Amino acid sequence: MSSDGHEPTAMTFELLKTAVKDGGARLGRLAFPGRRTVDTPNFFGLTSRGVIPHVTPDNVEKHLLTNGTYMALEDFIERPQQYMTRSPPVYETPSPNNKPLQSFTAMPSSIITVLGSRRIPAVAAPMGNTNQSISVFTSTGFQAVTTKQYINAIQTLNPDIAIPLADLTHKTSAPTSKRALRMAERTDDWIKEWFMEMYGRNKEPSKIATFAPVLPISYSIQWEYLERLSEEHQSNPSVLSGLAVYDADLIPDISSSYQNLDTLPRLALSTPSNPHQVLRQLSLGMDIFLLPFLSTASDAGIALSFTFPPPSSESSDLLPLGIDMSSPEHAISLQPLTESCTCYACTTHHRAFVQHLLCAREMLGWTLLQIHNHAVLASFFASIREALADGTFEEKARQFALRYEPEIPQGLGERPRARGYHFKSEGPGEQKRNRPAWSKLDGEKKIEDKVADLRIEDEQNGTSGLGSGMDSVAETPLVPDENADAKDLEEMGFAEKAENK
């Protein structure tokens with residue numbers, strides 16, 4: 001409720017405490033009308049095609065302690081070549097509350113929705129961006145989205161937070177100085193178009209909060225772009241609500257150079273790979289995080305097990321950041337996933353049950369891990385906020401770094417089946433992500449080779465009739481999947497190509 005007694009109509013962000021001047025860990029509070037209030041530092045859930053992996057929207061409301069979700073436009077705008085003029089279904093969804101994105105994804109109304117152009121982490125495009133468009137990876141391949149189309153999509157889908165287009169490469173290697181300069185210039189042009197279309201003259205003020213991107217290039221190359229953001233925010237504070245930061249190391253430069261931008265909330269798009277990196281970026285002044293390692297750990301059968309601060313112990317051994325629930329040692333364990341956790345998975349089920357589900361490849365196993373891992377992260381950030389409030393954050397962060405292993409375990413269990421729209425091959429030599437549904441009976445050997453091996457074995461043993469090993473050759477193999485073609489069947493020994501007579 002505002003001071004004049006009316007309900008607020010736009011996002012508000014209040015800084016409650018800053019650890020140090022010109023950057024540093026800080027406490028804040030982010031609020032939207034009708035949404036959960038977000039105490040910062042905190043994290044938002046990452047979605048795939050509009051849903052948090054393995055968790056249905058009703059369970060997001062009941063069991064996940066998350067206050068917001070990040071969604072990517074590229075997940076919704078597939079256009080097959082034969083239907084290029086067809087409007088994607090997300091644009092045609094009826095929405096009584098004028099929130100088509102929320103209605104289409106069935107996301108609970110209490111959850112803040114963030115919409116960007118690319119999923120996180122994004123797949124690098126084979127073709128570059130142009131002066132008027134970027135390349136996005138849809139379920140039907142890479143397609144171009146112009147700046148005008150993207151702005152229209154934002155205005156139509158009406159998310160709570162929108163991230164304007166940025167000219168990014170999404171490659172692991174750093175861009176050259178020439179490419180970095182082009183990135184800054186294009187993004188500067190696109191942000192000017194954004195402000196004009198969203199907040200221009202004679203336009204009704206948009207209730208969508210704009211989080212302007214801060215590029216993953218040096219400050220000296222993009223300072224003119226940041227200067228524009230500062231000037232726009234100073235002349236009209238309602239046009240810029242926050243910053244979407246791709247490189248946390250730029251925060252000290254922004255804090256020292258643009259005091260008016262220092263009060264804005266910061267959304268991390270830098271994808272830290274473990275809690276150690278989260279603490280480092282948080283110490284620089286990041287407020288809200290998107291954490292791909294959360295779902296990656298769940299897919300790998302890992303139950304996150306870290307706490308902040310770490311438990312006291314006389315042992316000098318490093319503690320693991322997670323526990324591999326697919327390990328056979330949990331087959332008869334009646335312990336919860338972690339002893340101190342109070343999430344639904346830990347209070348209702350035990351390790352043996354989750355281990356059984358993972359071995360049987362039952363979806364419930366990954367659902368329970370996803371619920372648990374979200375709870376671990378929620379508790380992690382809640383404890384960080386308590387440490388910031390009482391001034392013990394730096395000491396506890398130092399203890400955490402000394403007590404835990406540097407990386408989250410990889411996990412030895414099988415992952416859930418990957419779908420084509422989630423991944424794209426990055427180059428030659430990459431192994432397939434999905435195990436074949438059916439295969440040869442003896443590795444890569446053909447049946448004829450197997451028979452020859454058995455004949456040699458019989459000769460050496462003085463037996464005849466190809467021995468008992470022939471039973472394995474004659475065994476009925478697994479049934480091929482529905483995607484197998486004639487060539488596959490012939491190679492795998494299920495059929496022979498008939499000669500035309």
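In this short talk I will go through a predicted model, beginning with its barrel and ending with its cysteines.

Let me start with the barrel, since much of what I have to say later refers back to it. Eight strands close into this barrel, and if you follow them around in order you pass β4, β5, β6, β9, β10, β11, β12 and β13, with parallel pairing. As one example of that pairing, take strand β5, residues 68-72, which runs parallel to strand β6, residues 112-116, and is joined to β6 by five bridges. If you would like a place to look on the screen, find Gly68, which stands opposite Ile112 in β6.

Now please move to β11, where we can look at both of the neighbouring strands. On one side, β10 and β11 pair in the parallel sense over four bridges, and here Phe211 stands opposite Gly242 in β11. To get from β10 to β11 the chain passes through helix α5, and this β-α-β crossover is right-handed. Helix α5 itself, residues 219-235, lies across β10 and β11, and runs at about 165 degrees to β10. On the other side, β11 and β12 pair, again in the parallel sense, over three bridges, and the bridge partner of Leu243 in β12 is Arg266. Which way do the residues Gly242, Leu243, Ala244 and Val245 point from β11, and are they buried or exposed? Gly242 and Ala244 point one way while Leu243 and Val245 point the other way, and all of them are buried.

Next come the helices around β13 and β4. Helix α8, residues 275-284, is mostly covered, with seven of its 10 residues buried, among them His276, Leu279 and Leu282. Those buried residues pack against α6, β12, β13, α9, α12 and α13. At the N-terminal end of α8 there is a cap from Asn274, in which a side-chain oxygen lies 3.0 Å from the backbone nitrogen of His276, and just after the helix Gly285 takes a positive phi of about 120 degrees.

Helix α9, residues 292-299, is also mostly covered, and six of its eight residues are buried, including Phe293 and Leu294. What do the buried residues of α9 pack against? Their partners are β4, α8, β13, β14 and α12. Just after α9, Gly301 takes a positive phi of about 80 degrees. Helix α12, residues 363-390, lies across β4 and β13, and runs at about 160 degrees to β4.

Before the cysteines, let me point to one loop. Ser139 sits between β7 and β8, and Ser139 counts as partly exposed, because its relative accessibility is 34%. Although Ser139 and Ile77 are 62 residues apart in sequence, their C-alpha atoms are 8.4 Å apart in space.

Finally, how many disulfides does a search of the whole structure find? The search finds zero. Cys341, for instance, is in no disulfide, and the nearest cysteine sulfur, that of Cys343, is 3.4 Å away. For Cys346 the closest cysteine sulfur is again in Cys343, at 3.7 Å, and this is too far for a bond, because a disulfide needs the two sulfur atoms within 2.5 Å. Are these two cysteines, Cys341 and Cys346, buried or exposed? Cys341 counts as buried at 15% relative accessibility, and Cys346 is buried as well, with a relative accessible area of 8%.

Conventions
Residues numbered from 1 in each chain as written. Predicted model: local features only at pLDDT ≥ 70, side-chain atom pairs only at ≥ 80, totals over all residues. Heavy atoms only, no water. Buried < 20%, exposed > 50% of the residue type's maximum accessible area, 1.4 Å probe, protein only. Pairing = 2+ DSSP bridges. Helix = DSSP H or I, 4+ residues; strand = E, 2+ residues; numbered from the N terminus. Contact = heavy atoms within 4.5 Å. Axes fitted to C-alpha atoms, helices over the stretch in contact; angles between N-to-C directions. Polar contact = N/O pair within 3.5 Å; in protein donor to acceptor, adjacent residues only side chain to side chain. Right-handed = clockwise from strand over helix to strand, strands pointing away.
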